[in-house]
Amino acid sequence: MVKITDVARRAGVSPSTVSYALSGKRPISEETRLRVEEAIRELGYRPHAGARALAGRRSNVLALVVPLRTGIHVPTVMGFAVSVVTAARRHDHDVLLLTQEEGEEGLHRVADTALVDGLVMMDVQLDDPRLPLLRALDLPSVLIGFPASTAGLTCVDLDFRAAGEACVEHLARLGHRSVALVGSPPEVYVRGTAYAGRVVQGFTAAADRAGMSSTILPCEPADARAVAEQLLREQPALTGVVVHNEPVLEPLVDAFADLGLRIPSDLSVTAICPDEVAKSSRVPITSVALPSAELGERAVDLLMKKLDGTGVPESTLLAPRMTERGSTGVRTVP
């Protein structure tokens with residue numbers, strides 16, 4: 001099936017220009033309009049019926065783009081999805097959830113068919129291959145996440161670098177000198193997922209500033225015991241752990257207990273995770289909250305302002321909020 005992007009490529013213009021030529025929403029030059037019309041005739045392009053019907057008005061639907069890739073913790077993702085849906089309903093919008101790993105193809109599909117008024121995109125990579133198209137589309141968007149360059153984008157997220165720093169600084173204040181980060185599954189780092197990389201940056205920077213010995217280990221949930229054993233073998237003086245991996249938190253705490261370490265007497269544990277995860281652990285975990293409700297609400301509010309033509313900031317970073325619980329204490333070993 002011929003798509004609007006095929007027409008744009010043949011005519012040597014952007015997909016948004018083809019859209020303007022079809023809808024008349026914005027003026028374009030006569031020469032450009034003729035090139036677009038010629039490309040349409042040559043390719044036999046037929047605008048989607050939904051796009052024709054929706055020309056000039058809103059669909060009252062937003063798209064939430066969140067590919068369920070390997071290494072993703074689905075309950076956490078669904079927490080974000082619920083917050084986006086709840087916020088969208090306050091603006092009288094429904095949400096189309098796009099979970100397939102389609103890259104640019106999925107963005108083309110919703111843009112070409114005028115299914116939605118705007119996009120909220122999650123699981124952002126530092127060098128995300130979807131971003132050039134997202135910048136070119138005539139479709140407002142907001143990212144929950146920060147790529148390497150935010151130029152031409154609207155981004156909101158927890159300041160994950162500051163969150164990693166906050167966990168280490170808390171342990172440093174308690175006198176800990178040897179710390180470890182138990183991070184996301186390996187494939188999350190291989191993809192260059194932005195939030196995971198920024199936690200590593202913050203953890204490393206804070207440990208270096210404090211003169212602490214440190215190490216970082218990715219972890220699959222099934223490997224919690226092996227990771228705990230490896231940490232104690234490679235860092236016998238280890239007394240502080242930061243966990244950025246919700247499903248591994250409880251198994252890791254259990255593994256350290258099985259290995260004879262009492263929390264927090266022998267080992268202090270902090271985490272970056274939803275508050276409900278931290279509070280429900282058998283040892284309540286000192287944590288930086290993952291504010292999914294606030295992030296979803298902020299993303300939708302920013303998107304609705306863009307739809308209304310209101311200027312919005314390019315970047316919105318939420319400061320980390322740490323809550324001390326029973327899993328951290330003063331370092332007592334020599």
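Mentor: Before we look at how a helix lies across strands, keep in mind that contact means heavy atoms within 4.5 Å, and remember that this is a predicted model.

Trainee: Okay, so which strands does helix H12 lie across?

Mentor: Helix H12, residues 246-258, lies across strand E6 (178-183) and also across E8 and E9, and it runs at about 155° to E8.

Trainee: And what is the order of the strands in the open sheet?

Mentor: The open sheet has six strands in the order E7-E6-E8-E9-E10-E12, and the pairing in it is mixed. Strand E7 (213-218) and strand E12 (322-323) stand at the edges with a single partner strand each, so one side of each has no neighbour in the sheet.

Trainee: How many bridges do E6 and E7 pair over?

Mentor: E6 and E7 pair in the parallel sense over six bridges, and within this part of the sheet valine 182 stands opposite leucine 217 in E7. E6 also pairs with E8 in the parallel sense, over four bridges, where alanine 180 stands opposite valine 241 in E8.

Trainee: What about valine 241, what is its bridge partner in E9?

Mentor: That partner is valine 269, and strands E8 (residues 240-243) and E9 (residues 268-273) pair in the parallel sense over four bridges.

Trainee: Switching topic, why is E6 largely enclosed?

Mentor: Six of the six residues of E6 are buried, so the rest of the structure largely encloses this strand.

Trainee: Which residues of E6 point which way?

Mentor: Ser178, Ala180 and Val182 point one way from E6, while Val179, Leu181 and Gly183 point the other way, and all of them are buried. In a regular strand, side chains alternate between the two faces of the sheet.

How values were computed: Residues numbered from 1 in each chain as written. Predicted model: local features only at pLDDT ≥ 70, side-chain atom pairs only at ≥ 80, totals over all residues. Heavy atoms only, no water. Pairing = 2+ DSSP bridges. Helix = DSSP H or I, 4+ residues; strand = E, 2+ residues; numbered from the N terminus. Axes fitted to C-alpha atoms, helices over the stretch in contact; angles between N-to-C directions. Buried < 20%, exposed > 50% of the residue type's maximum accessible area, 1.4 Å probe, protein only.
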